[in-house]
Amino acid sequence: MSLVANMTVYLKTKYNMEGVLLVNVINIWSGTSSFMSIGGALMSDMFLGRYLMLLYGSISSLLGMMILTLTAIVPKLRPPTCIGQINCIDPNLWQLSTLYAGLTLMAIGAGGIRPCNIAFGADQFNTTTKEGRSQLESFFNWWYFSFTFALVIALTAVVYIQTNISWVIGFAIPTSCLLVSIVIFVIGHHAYIIMKPHGSVFVDLVKVITAATRKHRLDCSRCSFYDPDFHPRTKQLRCLEKAAVIANQNELDEDGKPKNGWRLCSIQQVENLKLLLGMMPVCLAGIGCFMTMDQQTTIGILQAIQSNNVLRSGFKIPPGWMGLSPMIALSIWISTYEILWVLQTKRLTGKAKRLTMTQRINIGLISAMACSIVASFIEKKRRTAALKHGSFKSPMSILMLLPQFALSGLVEAFAAVAIMEYLTTQLPESMRTVAGAIFFISLSMASYLNSMLVNIVHKTTKKGGKTSWLGGHNLNNGKLENFYYLAVSIEALNFLYFNLYARRFIATSCTINKESKEDQHNNEDQI
């Protein structure tokens, strides 16, 4: 996390990357890291199992981090340091190739670690017993405690060392920590409960689409369906139900099961896909929120680099510390909400009152617009002060950027948490892996779309020999506030899209899920 949090600063200060290339590299790397989680989940569930996937992912991450540490050690792997941000030499092809190789290995490693980390820990406990469930809950608490503890150290101490003392030491610390953790992980392998691969829900979803496509011309007016679990059928997307149509009895074996799962699926498989597709409109609204969060981790950090980071005491604030602001804002809100609001309403009314998912997503959407509006005003003030003094760094204090980063944290606290909860609670337990995968895909799409937006704006605004809004190597030469105005417009459209269209799917999926569970219980009672 210390490498991820400070990568924008490293690429700007050590690789002399101008704004557009830097944003592209960070967004594509971040998006690929999230998207690789899907491949990691598939490989784990179908072939390798969680233990081997975790091991291979950790080794890949370690190799990537070692390459990045090498770029900090060997000056020839980077372009010459840019003095005063004038006539900066861009990195050449082989220098970029070395950097990209390290980032690629880290992205592959993230794909192996993210979907298996907590899941492998949960495999160690027998949840059919009360003691096992208690131990699992304790494990989750300790896992999140250790993760948060490590994150605080990464974003404070290690980032400070990287920025103000030495990039070599700052990169060597997390690399050494990962090496030690891999050794400890391997030493304990005889004590682990290692589950065998059991197949993937993702494949079942693809099977439904394939079977429905093959039978799309079939007349279903008098068809019988393959429904061994007596699963209730919903009215939406009836075309997909053709995947469960028994075209002839030859599709079943002697035990009454499908001979070919790619030609005949169960009603339950079909309904799972329907439920997932019904959630997509809400996920699309979430992507707009995630784009705002991504903009602060790249463009917001570029603003911090060109702001005055020296306090009156002489202490230099690392630009990477701005990433702490969203975390602090998120923590303050969750603590305030859970302790003051929920507990107080329960004490006064006898029932805890919580904000609905729709309300929280809406607050997140409004926070996203507020974040870009504040960022545009602050950027205009920062750039005006820098031009007035004729300096690369604006005399405006870096602390002036705190509100926009804090609002970015509120976007995560409201919208991101609500969407993750929506995906997790509305899908059946057998599809919890899919819920995490869809969330990671949403994060990935946000990163890719941000990169696309930056490229379109850059190419459009530099026509006719004009300076791009993003300003190249120097933000003071551009008009970044205009980019934020554009972002506000996109977020406003996203707000309208959610409230005029997507929000109805929250109520629909909740109703379907509730009815489905009730019908399933009734069927079980009848059986």
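**Exercise 1. How do helix α9 and α11 cross: what are the angle, the axis distance and the handedness?**

Step 1: Start with the geometry. The axes of helix α9 (residues 267-305) and α11 cross at roughly 25° and come within 10 Å. Here an axis is a line fitted to C-alpha atoms, for helices over the stretch in contact, and angles run from 0 to 180 degrees between N-to-C directions. The helices themselves are DSSP runs (H or I, at least four residues), numbered from the N terminus.

Step 2: Turn the angle into a word. α9 and α11 are therefore roughly parallel to each other (under 35 degrees is roughly parallel, over 145 roughly antiparallel, 65 to 115 roughly perpendicular, and the rest oblique).

Step 3: Add the hand. α9 and α11 make a left-handed crossing, a label used if the near helix is turned anticlockwise from the far one by less than a right angle; clockwise gives right-handed.

A quick note before going on: this is a predicted model, in which local features need pLDDT of at least 70 and side-chain atom pairs count only at pLDDT 80 or more, while totals for chains, interfaces and linings use all residues. Residues are numbered from 1 along each chain as its sequence is written, and side-chain values use heavy atoms, with hydrogens and water left out.

**Exercise 2. Describe how α11 packs on α12, then check the span of α11.**

Step 1: Helix α11 (residues 357-389) and helix α12 (residues 402-426) have axes 8 Å apart and pack at an angle of about 155°. That makes α11 roughly antiparallel to α12.

Step 2: The crossing of α11 past α12 is left-handed. Sorted by class, this contact has 18 nonpolar, six polar and two charged residues (nonpolar: Ala, Val, Leu, Ile, Met, Phe, Trp, Tyr, Cys and Pro; charged: Asp, Glu, Lys and Arg; polar: the others, Gly among them).

Step 3: Now the ruler check. At 1.5 Å a residue, the 33 residues of α11 should span 48 Å, and the end C-alpha atoms are 48 Å apart, which agrees (the expected span is 1.5 Å times one less than the number of residues).

Step 4: Look just past the helix. Gly390 follows α11 and has a positive phi, near 65°.

**Exercise 3. Where is Asn16, and what is the sign of its phi?**

Step 1: Asn16 is in the loop between α1 (2-14) and α2 (19-48). Its phi is positive, about 55°, although Asn16 is not a glycine.

Step 2: With a relative accessible area of 2%, Asn16 is buried (buried means under 20% relative accessible area, exposed over 50%, partly exposed in between, with a 1.4 Å probe and protein chains only).

Step 3: Look at the helices on either side. The axes of α1 and α2 cross at roughly 155° and come within 10 Å. That makes α1 roughly antiparallel to α2, and their crossing is right-handed.

**Exercise 4. How many disulfides does the structure hold, and how far from Cys283 is the nearest cysteine sulfur?**

Step 1: The count is zero disulfides (a disulfide being a pair of cysteine sulfur atoms within 2.5 Å).

Step 2: For Cys283, the nearest cysteine sulfur belongs to Cys289 and is 12 Å away.

Step 3: Check accessibility. Cys283 counts as buried at 3% relative accessibility, and Cys265 counts as buried at 0%.

**Exercise 5. Give the C-alpha separations for Tyr160 with Gly170, Glu338 with Arg354, and Arg263 with Ala416.**

Step 1: Tyr160 sits in helix α6 (residues 130-165) and is partly exposed at 27% relative accessibility. Tyr160 and Gly170 are ten residues apart in sequence and 8.2 Å apart in space.

Step 2: Glu338, in helix α10 (residues 324-349), is partly exposed at 32%. Between Glu338 and Arg354 there are 9.0 Å in space, and they are 16 residues apart in sequence.

Step 3: Arg263 lies in the loop between α8 (201-214) and α9, partly exposed at 37%. Arg263 and Ala416 are 153 residues apart in sequence and 37 Å apart in space.

Key:
Helix = DSSP H or I, 4+ residues; strand = E, 2+ residues; numbered from the N terminus.
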